[in-house]
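Ready for a few short exercises on contacts between side chains? Have a look at the model below, then work through each task before you read its solution.

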Amino acid sequence: MTTKTWLSAAFSCLTLSLAACGGQSNAPANHSASHPAPAAASGASGTADGNGRVLRVAGNATFAPFESLDENKKVTGFDIDLINAMGEAGNFKVEYKDQPWESLFPALSNGDADVLVSGITITDERKATMAFSEPYYQITQVVLVPPSKNVAKVEDLKKLHKIGVVTGYTGDYAAQKIFGPTSEQVVRFDNVGLLTKEVENGGVDAGILDNAVVAHYIKNNSSKGFKMVALPDFPAEHYGMAVRKDDAQTLALLNDSLAKVRASGKYAEIEAKYFATGK
C-alpha cells in the first residue's frame, strides 16, 4: 500500500482505535489447532528450518497489489511472492488457499490454516487471540478522490454526500470515527474492486483505503485523473503474518525466513516489482 496536515483534536482519537487493512477482526477466541504444527528443527546455523514442511496459508485475493487473481484466476501479488520466497529461504512449502475475508480468522483458530497472509494489520485486539510475525509492510489510510471533487482535510470529506469503504477494513473504522458508526454517508462494499468501481461511476464521492492499494489503482488507471489524498492524522499501520497464539514453531520459522529474505535482497526485489516506492 503507499504513503498516506490536518485536522482537529477530535480526530486524534482515530489513532487509538483503527484496526487493520481488514480493520478490527471479529475472530473467535483462539483454540488449539486440530492438526498441531510439527516443531521446526534447527538447522546447522541454529536458525529455524522448516524441513520441507507444508504450511497451509490462507488469504483473500481481492487486495491488489498484495494479493489478487490474474486473468487466469491464479493468485498473485506481493504477499504471495514474499511467502513463496520465505518458503525457499526457510525450507518449507506453501499451500495457498484463497477464501473470503470473513472466513480467514475462523480458519486459523480452528486449525484449517496454519498462516494468514492477507494484508492483515497488527493490532492489540488481534494479538489477544493470535500471534503475528515481525512486521513486513507499513501503510496508512488515504482518500481516493475523483477529479470532480476537492478534498484536502477532514472537513472537506465531511461535506461529501457519500464515502465508500470496504466492510471491516481499516478505512471502514476510520470513516466511523469521522462520520459516526451508523452514518448514512458511509457506504460499505464487499471488496476493493466494487468500491473503486463506484468511485469511478460516481456512486460514491470518494473512498478510504490503504495507501498502497490506492496507489496501485491510480497507477493502473492513470487516464482517469484520480488523486490520492494523504491525511497525516491517520496512523501508520503494519502488516504481519498471523499464526495461532500457541504456535511458536511456525512463528519462529516465519520470522527467521523473513529476516533471510530481507538480508538476501530478495525482499527489495519483490517490493520493487509491485510498488513504485518502497516502505
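Tyr239 makes a good warm-up: this residue is buried, at 0% relative accessible area, where buried means under 20%, exposed over 50% and partly exposed in between (1.4 Å probe, protein chains only). The model is a predicted one, in which local features need pLDDT of at least 70 and side-chain atom pairs count only at pLDDT 80 or more, while totals for chains, interfaces and linings use all residues. Residues are numbered from 1 along each chain as its sequence is written, and side-chain values use heavy atoms, with hydrogens and water left out.

**Exercise 1. Aromatic pairs**

Task: find how many aromatic pairs the whole structure has, and describe the one formed by Tyr136 and Tyr239.

Solution. Start with the rule: rings of Phe, Tyr and Trp (its six-membered ring) pair if their centres lie within 6.5 Å, and planes under 30 degrees apart count as stacked, over 60 as edge-to-face and the rest as tilted. A search of the whole structure then gives 16 aromatic pairs. In one of them, Tyr136 and Tyr239 lie 6.2 Å centre to centre with 45° between the planes, so the pair is tilted. Next, place the two rings: Tyr136 is in the loop between β9 (130-132) and β10 (137-139), and Tyr239 is in strand β16 (residues 237-239), 103 residues away. Here helices (H or I, at least four residues) and strands (E, at least two) are DSSP runs, numbered from the N terminus. Tyr136 has 1% relative accessibility and therefore counts as buried.

Finally, widen the view. Ring pairs link Tyr136 and Tyr239 into a cluster with other residues, including Trp101, Tyr169 and Tyr267. Over the ring of Tyr267 sits the charged end of Arg262, 4.1 Å from the ring centre; the criterion is NZ of Lys or CZ of Arg within 6 Å of the ring centre and within 35 degrees of the ring normal.

**Exercise 2. A salt bridge between distant parts of the chain**

Task: work out which helices are linked by the salt bridge of Lys273 and Asp81.

Solution. First, check the contact: the N to O distance is 2.9 Å, and a salt bridge needs a side-chain nitrogen of Lys or Arg within 4 Å of a carboxyl oxygen of Asp or Glu. Second, locate the partners: Lys273 belongs to helix α10 (residues 266-274) and Asp81 to helix α2 (residues 78-90), 192 residues apart. Third, compare accessibility: Lys273 is exposed at 55%, whereas Asp81 is partly exposed at 22%. The structure holds eleven salt bridges.

**Exercise 3. Inside helix α9**

Task: describe the salt bridge of Asp256 and Lys260, then the helix that holds both residues.

Solution. The closest N and O atoms of Asp256 and Lys260 are 3.2 Å apart. Both residues lie in helix α9 (residues 248-264), four residues apart, about one turn of the helix. Asp256 is buried at 16%, while Lys260 is partly exposed at 30%. Now the helix: α9 has 17 residues and spans 24 Å from its first C-alpha to its last, close to the expected 24 Å, which is 1.5 Å times one less than its number of residues. Its buried residues include Leu253, Leu254 and Val261. After α9 comes Gly265, with a positive phi near 90°.
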